[in-house]
Amino acid sequence: MSRSIKRIVIIIVGLICLTELMAQSTLITGVVTDLKNNPMPGANIYIEGTYDGASSDDDGKFSFTTTETGTHILIVDYIGFETYKKKLELTGEEVYIEPGLKESFNQLKAVNITAGAFEASETKKAVILKPLDIVTTAGALGDVSGAMQTLPGTSTVGESGRLFVRGGHSNETQTYIDGTLVHEPYTSSAPNTAVRGRFNPFMFSGTVFSTGGYSAEYGQALSSVLLLKTNGLQQEDQFDISLMTIGTGVAGTKLWKRGAVTASFDYMNLTPYMLLAPQNFDWIKHPESYNGAISLRQKTGKNGLLKTYLTYDKSIFSLNQEDPDSPTGITNIKIDNQYIYFNTSWLGELNNNWSLKTGISTTGNIDNNAFTFGDYGGKLQGVNLKIALSNHLSEKIKIRFGAEYFFKKYSERYDSEQHSIHNYQEFESNMIVGFAEADIYASNKFVTRVGGRYEYSDFLKKHNFAPRISTAYKMNNKSQVSVAYGIFFQDPANEHLIYDNKLNFERADHFILNYQVLKKDRIFRAEIYYKDYHKLVKYQLSDHLEPTGHNNSGSGYAYGLDIFWRDKKTIRNGDYWITYSYIDTKRNFRDYPWEAIPGFASKHNFSLVYKHWLHKLRSQIGLTMMYSSPRYYNDPNKEKFNSELMTPYRTINLNWSFLFRQNVIIYASVTNVPGFKQEYGYNYGSFPNSEGVYERVPVVPGANRFYFIGCFITLTRKGEANQLDKLE
Amino acid sequence: MKKVVLLLTAVSIVFTSMAGGPDFQQVMGKTLAGYADCKTIEDYHNLANKFERIANVEKDEWLPLYYHAHCYILMSFMEESDAVKKDEYLDVAETSIDKIMTMKPDESEVFALKAFMLTARLVVDPMTRGQEYSFLSGNAVGTALSLNSENPRAKYISISNEIGAAQFFGNDISRFCDQAKELLEKWDDYKPASTIHPNWGKYLVSGIVDTCN
């Protein structure tokens, strides 16, 4: 080796030693905590721009060395927390730090206002119910309102089938689809026969059932709103066939670029079923109905979605009912109903973080009913237009405001050749509405929603302003409290408005306190409320039983406690929820002579819903048990008004869904398995008989039990999809 | 003159090695070796943190993000009962996958990983998510295979999805068992692009083959 090369080697070795000297290392240690000094394991601590770093251990401690020198930035990252940054002088001397991390604000993970609201949605967030829970509830028989009756705050009113919420009449609950109002959401029925919701629950991917204190975006409901969100864009072409003991249906979906169309047709005829299964009613023509629907989905622009839905249905039936007012003791009733509903909505984002929601819905409902003594016809046309804008003023403040227009035209006619009566009445009403609301987050843990709603009705020539406020506070990871207060207005019912346009809005004030604990797969919820009714419509009945002298002098109250407990954990493959509602309510409205407990309220309501997945049998079995304490009915033979007790309502329903093939589901259900006697009070004659006694007939359900068997087949290209979310 | 050139070369070598710090390949290799020591969720979390640190420096490299997401998906599978946590882990994985998608829109491995993530979403709540997520995962696998029909990880996820669905519906799985056996036999024929490119999955396939037998 030449001398020069030797020299070079020496220089290199020297340089390497020098760099080693220069690259002195610094030890960095510390503890990562949150602002409350709780240790945070798994935080990522590192020097910016280098690989040097470590993760914190179970006690939040960390330690690592770096060969960097000079001024550097130390970063601490932890998901859900704001990034911590600190300038460090690296000199070789040990550095000790205690970073305290601040929780970052994330509206998606922040506290939710829970007062009054039951939400069922597919979102990843912990929700109380999933859409599938609604359709797999035994006894609900594919009826959204039927499933909601297993939630606290509702009373089961068997002779009606509608939703009665917290001492409110069923017409105090309104249904909205994709933000716009649906008139007549229930099928038409004869007196004292139960109705069903018109809309197929499989259309919806999100449901919010509010039992009070809801957003200023919704109005015209004194008690409750049911907000239904239709499904988004379908994923693949498919064809569905339903074969049921009560009818049959087909539906087809065709996709194109960023859009899809679905068309369906259903035909129901209860004749074969009702001839086989014992019935309480004397049917002349068994219920028969046709339904056709078409829906369109189209994505627009970057993230807009246009939804259109059009449905038409016609239903007819005829039966004989016992009637103390009829000389023969029997009245024949023929029901002929046609219903058309159209809804279009567009949801999308505009510039500068504005999002726009617009919608229009129109409803047409035509009843052509015939009774033994005359023909009754009712016609309703309704339009609702809505536009709502929302924006984030800042990360923590979200505002929403908008305007609405309601049009309603309602007419009734009654023709009786026998009594030479030809009555026709109608009214038309326009209403304009403005609403505004802000969600203000103080932190992830505390949110306040303040809003108000203004309505003007040209028919009543009255306006109202309804303030709403609600808050929620999260005490820890699991529990939270939420309170809500609001004033709610509603037009008097159509049957009253048709007599008088000098009426005012009816009003209810809600006060709600809610407590909720949410632990892995277990939910406990308790809510107390007080509801104050003012300006309820009252009238007297003339000698001919015509309502007269309408005024707004009625009032009432309701207070109570609602409990909900759901547990998906204790029983393997099992899932159950238990609800209990206590209510104390009285009101003086309609033709009540004084304040009384209304006939639609039962003091104690209990329900148990259980679902069990049997893996080997590829089956889900469901059980629903319900009990409602006796309701009151009025016996005109007694002096006291509304003083007689019915039998309590009891039922046990069972269902079974079986995945026969990947794309074939067989479903069976039976209601009131033990055959409990169900009787909903008595229907009394309008006038006393020759002995001065009002005669009566019992009000009973159409059948003691309802049996259902269906087979649902889905055809797709791949054959993988099924109607799993089509059980029931 | 010669000496000067040599000297300069030597000096430049020394300084280059100093300035460049540890080599990316080398660090990745060392970090990947960490998989062997991972037993608990915390272990995977710590490993994910390491990949995140590398990703923060190497802004143009997709592999650190890939493994970051991969760790979080495994964490979701390992979490026993807390469905909210499972989804939170997958949210992290999804964020990383979305980032890679903008860097490498045509990488078969990324679509395979996305399919893996979507299957993990399905597993959180099969009753409600089954239909939607089996479709989404199947779609991602399809894209992965269309970009590289030989990708053994895409094949694995496809077989594992099919078996999961068949078991759920009580159908025969022997067809998929045969596919798994074949995949296992030929696993080593597939050569990853480099030593730090995705190479996981053989163990999982042999797990399927074991349960089949």
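What follows is a chat about a predicted model with chains A and B.

Colleague: Let's start with chain A. How many helices and strands are there in chain A?

Modeller: Chain A has 42 strands and 5 helices. This is a predicted model, so take it as such.

Colleague: What box do the C-alpha atoms of chain A fill?

Modeller: Roughly 140 × 55 × 45 Å, taken along the principal axes.

Colleague: And what share of the residues in chain A is buried?

Modeller: Chain A has 728 residues, and buried ones make up 52% of them.

Colleague: On to the surface. Which residues make the nonpolar patch?

Modeller: Phe239(A), Val250(A), Phe265(A), Tyr290(A) and Leu715(A). The patch comes to about 420 Å².

Colleague: Where does Phe239(A) lie?

Modeller: In strand β17 of chain A, residues 238-244. Phe239(A) has a relative accessible area of 37%, so it is partly exposed.

Colleague: What about charge? Which residues form the positive patch?

Modeller: Four lysines come from chain A: Lys478(A), Lys519(A), Lys520(A) and Lys569(A). Chain B adds Lys85(B) to that positive patch.

Colleague: Where is Lys85(B), then?

Modeller: Helix α5 of chain B, residues 83-103, holds Lys85(B).

Colleague: Why does Lys85(B) count as partly exposed?

Modeller: Because its relative accessible area is 37%, and partly exposed runs from 20% to 50%.

Colleague: Switching to cysteines. How many disulfides are there over all chains?

Modeller: The count is 1. Cys177(B) and Cys212(B) form it, with their sulfur atoms 1.8 Å apart.

Colleague: Is that link left-handed or right-handed?

Modeller: The link of Cys177(B) and Cys212(B) is left-handed, with -80° about the S-S bond.

Colleague: Which helices does the pair link?

Modeller: Cys177(B) sits in helix α9 of chain B, residues 174-185. Cys212(B) is in helix α10, residues 202-212. The two cysteines are 35 residues apart, so the bond links distant parts of the chain.

Colleague: Buried or exposed, for Cys177(B)?

Modeller: Cys177(B) is buried, at 7% relative accessible area. Its partner Cys212(B) has 23%, so it counts as partly exposed.

Colleague: And Cys38(B)? Which cysteine sulfur is nearest?

Modeller: That of Cys71(B), 6.3 Å away. Cys38(B) is in no disulfide, because the cut-off for a sulfur pair is 2.5 Å. Cys38(B) is buried, with a relative accessible area of 12%.

Colleague: Back to chain A, backbone this time. What is phi of Arg258(A)?

Modeller: Near 60°, a positive value in a residue other than glycine. Most residues other than glycine have a negative phi.

Colleague: Where is Arg258(A)?

Modeller: In the loop between β18 (247-256) and β19 (259-269) of chain A. Arg258(A) is partly exposed, at 37% relative accessibility.

Colleague: And what is phi of Lys461(A)?

Modeller: Lys461(A) has a positive phi too, near 55°. Lys461(A) is in the loop between β27 (446-457) and β28 (462-474) of chain A.

Colleague: Why is Lys461(A) called exposed?

Modeller: Because its relative accessible area is 60%, and exposed means over 50%.

Colleague: Last one. Where is the place of Gln490(A)?

Modeller: Strand β29 of chain A, residues 479-490. Gln490(A) is buried, at 6% relative accessibility.

Colleague: What separates the C-alpha atoms of Gln490(A) and Arg507(A)?

Modeller: A distance of 6.6 Å, with Gln490(A) and Arg507(A) 17 residues apart along the chain.

Terms used
Residues are numbered from 1 along each chain as its sequence is written. Chains are lettered from A and ligands numbered from 1 in the order in which they are written. This is a predicted model: local features need pLDDT of at least 70, side-chain atom pairs count only at pLDDT 80 or more; totals for chains, interfaces and linings use all residues. Side-chain values use heavy atoms; hydrogens and water are left out. Patches are made of residues with over 30% relative accessible area and no salt bridge: like charges are joined within 9 Å, nonpolar side chains (Val, Leu, Ile, Met, Phe, Trp, Tyr) within 5 Å. Accessible areas come from the Shrake-Rupley method with a 1.4 Å probe; for residues, only the protein chains shown count as cover. A salt bridge is a side-chain nitrogen of Lys or Arg within 4 Å of a carboxyl oxygen of Asp or Glu. Lys and Arg count as positive and Asp and Glu as negative; His and the chain ends are not counted. The place of a charge is taken as NZ of Lys, CZ of Arg, CG of Asp or CD of Glu. Helices (H or I, at least four residues) and strands (E, at least two) are DSSP runs, numbered from the N terminus. Buried means under 20% relative accessible area, exposed over 50%, partly exposed in between (1.4 Å probe, protein chains only).
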